[in-house]
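I opened this notebook to keep track of what I looked up, entry by entry. A reader new to the structure may follow along in the same order.

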Amino acid sequence: MEDNSIQQALLADTPNVLQRKPSEGAKRFRRSMSTPSSDPVQTPHEKGSSLKAKELFKEMRPSFRLVGFLLFIYLLVGVIIFYCVMDQISGKQTNRVLDALYFCIVTMTTVGYGDLVPDNDTTKLLACAFVFMGMAIIALFVSKSADYLVEKQEVLFFKALHMNMKGGEAKMLRAIETNRTKYKFYTNALLLVIAIVSGTVFLWKVEKLSLVDSFYCVCATVTTLGYGDKSFSSKLGRIFAIFWIIMSTIIMAQFFMYLAEIYTERRQKMLAKWVLTRRITKMDLEAADLDDDRQVGAAEFVVYKLKELGKISQEEISSFLEEFDKLDVDHSGTLSPYDLTLAQSNQ
């Protein structure tokens with residue numbers, strides 16, 4: 001009876017998986033006659049707790065506005081400083097303010113063409129300081145802005161691929177959620193192609209480079225190699241480069257990140273398929289027997305499979321059981337609203 005009640009408690013929120021029908025006597029809680037019969041009513045605080053849990057990691061990460069503000073301050077300070085020391089930076093210059101901003105962008109993204117370089121110890125030390133600060137800020141900006149760009153486009157991309165899908169918006173959203181990483185990768189790949197083509201055409205038409213040199217410069221830029229033999233040298237070219245370099249390097253970084261995610265997901269699916277299809281041995285049953293009663297219930301079997309998949313660890317299981325023991329005030333092996341009330345009153 002105890003094992004059955006634990007099984008029902010663990011599987012209460014898992015529809016169509018190992019559930020018993022109500023006619024088989026399954027109950028969500030086992031409650032004695034002396035237990036108060038009031039049904040648990042969620043308070044506003046409890047209703048909002050699940051929402052707060054979902055928003056927890058979002059709150060821990062810096063917001064897009066904060067990252068944008070830090071980037072703005074970084075560029076503003078950089079432009080002011082390098083504007084003042086522009087005479088101590090060698091290379092082809094066009095406009096003092098524009099060149100200072102262009103130098104900040106090239107430094108921050110680690111492209112480093114070499115068309116503008118520090119010429120004395122002071123400017124070299126300033127460049128060293130700004131490259132470290134810039135890498136930290138660009139890392140945050142990459143994560144925020146690329147997610148924003150890709151997620152805005154992935155729904156449109158999905159609709160274009162599945163224009164004739166039946167089932168409405170709900171079915172479409174479920175399909176997007178299931179293949180989210182794949183669609184992000186496809187969308188990012190499309191944006192990367194657009195960035196490469198636009199940069200190549202601009203260098204070819206505006207900077208008057210050959211088509212091969214234009215493509216060569218674009219590849220050296222988006223991968224942050226920055227050989228320096230080809231770069232943006234005109235005033236209009238550097239205005240374009242200020243925006244294009246940031247966007248293209250961000251998109252390139254996200255492209256490889258999503259590619260790695262797809263590879264990881266594929267390995268996880270292969271592992272899941274192996275776990276679900278392999279034959280169960282006696283050693284597996286012994287390992288799955290959590291309460292050492294020489295029998296494995298459905299809940300124990302599910303927990304063992306989750307451990308095999310790497311979804312949960314033995315340490316996490318132990319901490320869950322400890323929490324269960326603390327809440328099980330009457331030591332009945334089950335939890336009821338009355339147990340929760342007593343446990344909370346004792347805290």
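The entries below go from ground rules to helix packing, rings, backbone and contacts along the chain.

**Ground rules.** I noted that this is a predicted model, in which local features need pLDDT of at least 70 and side-chain atom pairs count only at pLDDT 80 or more, while totals for chains, interfaces and linings use all residues. Residues are numbered from 1 along each chain as its sequence is written, and side-chain values use heavy atoms, with hydrogens and water left out.

**Two helices.** I took helices as DSSP runs of H or I with at least four residues, and strands as runs of E with at least two, both numbered from the N terminus. I looked up α7 (residues 180-205) and α9 (residues 235-277), which pack at an angle of about 150° with their axes 8 Å apart; axes are lines fitted to C-alpha atoms, for helices over the stretch in contact, and angles run from 0 to 180 degrees between N-to-C directions. The two helices are therefore roughly antiparallel, a term for angles over 145 degrees. The crossing of α7 past α9 is left-handed, meaning that the near helix is turned anticlockwise from the far one by less than a right angle. I then sorted the contact of α7 with α9 by class and found 15 nonpolar, seven polar and four charged residues, where Ala, Val, Leu, Ile, Met, Phe, Trp, Tyr, Cys and Pro count as nonpolar, Asp, Glu, Lys and Arg as charged, and the others, Gly among them, as polar.

**Rings.** How many aromatic pairs are there? I counted 13 aromatic pairs, taking rings of Phe, Tyr and Trp (its six-membered ring) as paired if their centres lie within 6.5 Å. Ring pairs join Y113, F202, F232, F240 and W244 in a cluster. I also checked for a charge over a ring, which requires NZ of Lys or CZ of Arg within 6 Å of the ring centre and within 35 degrees of the ring normal. The charged end of R96 sits over the ring of Y83 at 5.0 Å from its centre, and that of K205 over the ring of W204 at 4.2 Å.

**Backbone.** Most residues other than glycine have a negative phi. I therefore wrote down T110, whose phi is positive, near 60°, and which lies in the loop between α4 (96-108) and β2 (116-118). T110 is partly exposed because its relative accessibility is 33%; buried means under 20% relative accessible area, exposed over 50%, and partly exposed in between (1.4 Å probe, protein chains only). K208 has a positive phi too, near 65°, in the loop between α7 and α8 (211-222), and K208 is exposed at 66%.

**Contacts along the chain.** Is Y74 buried or exposed? Y74, which I found in helix α3 (residues 64-84), is buried, with a relative accessible area of 6%, and its C-alpha atom is 8.2 Å from that of M133, 59 residues apart in sequence. V131 belongs to helix α5 (residues 121-161) and is partly exposed at 22%; the C-alpha atoms of V131 and T107 are separated by 5.6 Å, with their positions 24 residues apart along the chain.

**Helix α11.** My last look was at F301 in helix α11 (residues 298-308), partly exposed at 32%, whose C-alpha atom is 6.0 Å from that of A288, 13 residues apart along the chain. The buried residues of α11 are A299, E300, V303, Y304 and K305, and G310, with a positive phi near 80°, follows the helix.

Terms used:
Parallel < 35°, antiparallel > 145°, perpendicular 65-115°, else oblique. Phe/Tyr/Trp six-rings, centres within 6.5 Å; stacked < 30°, edge-to-face > 60°.
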